[in-house]
Amino acid sequence: NSSDLSPSFLLASIPGLEAAQSWVSVPLCSAYALAVAGNGAVLLAVRAEPGLHLPMYLFLCMLAAIDLALATATVPRILCLYWFGSREIGFAACLLQMFLIHALSAIESTVLLAMAVDRYVAICHPLRHAAILTNGAAAKVGLLAAARGVLFFLPLPLLLLPLPFCGSRVLSHSFCLHQDVMNLACANTTPSVVYGLAAILLVMGLDAVLICLSYVLILKAVLRLAAWRERLKVFGTCIAHICVVLAFYVPLIGLSVVHRFGKDLAPPVHVVMGNVYILVPAVLNPIIYGVRTKQIQRRILSLFRLTAGTP
């Protein structure tokens, strides 16, 4: 096939299950609905409860907004694939989706790092916590996270824009990722490979290292406490954040491993891992914080009662 200046790509469905795609879409659609409802409820709860207008919960709102944006940038298009067999996606739409996925993931990684720092200051320097992590500081962190995600990952689609694409146009996921699109180019992709790897290491990689470092310092501070009950109580304030970090980084690492070392794996593995990466954090984050935070539980229940018309 000859290359063209504005190619289109074919999104991947789950091979072997094309005849049952409408049934395959049921858990995907259910997970998306749960993600929208859960993250939306967290945003409404924090907005409606003045006692939750604190940096920790503002960071949680940022996570909820990012997860909503990331799921909405991908899942409706995947559902079109499963419901209507619409596999083709235009070049510009693919690059835009790719940029949103990577930039939003970078922003979420930065917010998770900020939440780890919040836990570190609250446990290791409790008397300075209120002075250091104010609502204004949390807002500045949010703006910095957004700028960091955009600046680091805007070059990815720009590096792919001039490349010719010929031969296969079939992607290995149900949405567009940088490495997936890059592998279909029939030209030298070394600059794109080097920059993509550097961006991932300087953002997600560095954030992961700093989060681990913060928890090493937290653990050292907790172990200085005399009573085991007090140690468990203090470290228990970090459990929700640790679970959210794992829900983000485990699918991210799994997807990266599949991309770099899983060329011999069956195609369904790539599709399923991609969908897990998109939806698992969006579904689990509000559940984790909803279970661990009594104020959010109470406010969400009160919102449901008002919606149902129950006094």
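User: To begin with solvent cover: at 52% relative accessibility, does isoleucine 253 count as buried or exposed?

Analyst: The class follows from cut-offs: under 20% relative accessible area is buried, over 50% is exposed, and values in between are partly exposed. Isoleucine 253 counts as exposed because its relative accessibility is 52%. The residue belongs to helix α10, which covers residues 239-261. Please note that this is a predicted model.

User: Where is leucine 255 found, and is leucine 255 buried or exposed?

Analyst: Leucine 255 is also found in helix α10. With a relative accessible area of 5%, leucine 255 is buried. Helix α10 thus offers both classes for inspection: isoleucine 253 is exposed, whereas leucine 255 is buried.

User: How should sequence separation be read against distance in space, and how far apart are leucine 255 and valine 272?

Analyst: The two values are best read side by side for each pair. Leucine 255 and valine 272 are 17 residues apart in sequence, with 9.6 Å between their C-alpha atoms. For tyrosine 215 and isoleucine 242, the separation is 27 residues in sequence and 9.2 Å from C-alpha to C-alpha. Tyrosine 215 lies in helix α8 and, at a relative accessible area of 13%, is buried. Isoleucine 253 and phenylalanine 91, in turn, are separated by 162 residues in sequence and by 27 Å, C-alpha to C-alpha.

User: Which element holds leucine 52, and is leucine 52 buried or exposed?

Analyst: Secondary structure and burial are separate readings. Leucine 52 lies in the loop between α1 (21-48) and α2 (55-84). With a relative accessible area of 0%, leucine 52 is buried. Its C-alpha atom is 21 Å from that of lysine 233, 181 residues away in sequence.

User: How many salt bridges does the structure hold, and which residues form them?

Analyst: A salt bridge is recognised by the distance between a side-chain nitrogen of Lys or Arg and a carboxyl oxygen of Asp or Glu, with a limit of 4 Å. The structure holds 2 salt bridges. One joins aspartate 207 to arginine 148, with the closest N and O atoms 2.9 Å apart. This pair links distant parts of the chain, since aspartate 207 is in helix α8 and arginine 148 in helix α5 (residues 135-153), 59 residues apart. Both aspartate 207 and arginine 148 are buried. Arginine 119 forms a salt bridge with aspartate 118, where the closest N and O atoms are 3.0 Å apart. Arginine 119 is buried at 11% relative accessible area, and aspartate 118 is buried at 2%.

User: How many aromatic pairs are found, and why is the pair of tryptophan 83 and phenylalanine 84 called edge-to-face?

Analyst: A search of the whole structure gives 5 aromatic pairs. The geometry is judged from ring centres and planes: centres must lie within 6.5 Å, and planes over 60 degrees apart count as edge-to-face. The ring centres of tryptophan 83 and phenylalanine 84 are 6.3 Å apart and the planes stand at 80°, so the pair is edge-to-face. Tryptophan 83 counts as partly exposed at 45% relative accessibility, while phenylalanine 84 counts as exposed at 64%. Elsewhere, ring pairs join Phe9, Phe91 and Phe165 into a cluster.

User: Where does the charged end of arginine 231 sit?

Analyst: Here a charge is read against a ring. The charged end of arginine 231 sits over the ring of tryptophan 228, 4.6 Å from the ring centre.

User: Which residues make the nonpolar surface patch of about 380 Å²?

Analyst: Patch members are identified by name and may then be checked for exposure. Leu206, Leu210, Leu213, Val216 and Leu217 make this patch. Leucine 206 is found in helix α8 (residues 190-223) and counts as partly exposed, at 40% relative accessibility.

User: Which residues does UniProt list for "transmembrane region", and what is the helix content over residues 57-84?

Analyst: A record can be set beside the model. The unreviewed UniProt entry lists residues 20-45, 57-84, 90-117, 138-161, 193-222, 234-257 and 269-291 under "transmembrane region". In the model, residues 57-84 are 100% helix and 0% strand, with the end C-alpha atoms 39 Å apart. Residues 269-291 are likewise 100% helix and 0% strand, and their end C-alpha atoms are 31 Å apart.

Key:
Residues are numbered from 1 along each chain as its sequence is written. This is a predicted model: local features need pLDDT of at least 70, side-chain atom pairs count only at pLDDT 80 or more; totals for chains, interfaces and linings use all residues. Side-chain values use heavy atoms; hydrogens and water are left out. Patches are made of residues with over 30% relative accessible area and no salt bridge: like charges are joined within 9 Å, nonpolar side chains (Val, Leu, Ile, Met, Phe, Trp, Tyr) within 5 Å. Accessible areas come from the Shrake-Rupley method with a 1.4 Å probe; for residues, only the protein chains shown count as cover. Helices (H or I, at least four residues) and strands (E, at least two) are DSSP runs, numbered from the N terminus. Buried means under 20% relative accessible area, exposed over 50%, partly exposed in between (1.4 Å probe, protein chains only). Rings of Phe, Tyr and Trp (its six-membered ring) pair if their centres lie within 6.5 Å; planes under 30 degrees apart count as stacked, over 60 as edge-to-face and the rest as tilted. A charge sits over a ring if NZ of Lys or CZ of Arg is within 6 Å of the ring centre and within 35 degrees of the ring normal. UniProt positions are given in the numbering used here, feature names are shortened, and annotations may be inferred rather than shown by experiment.
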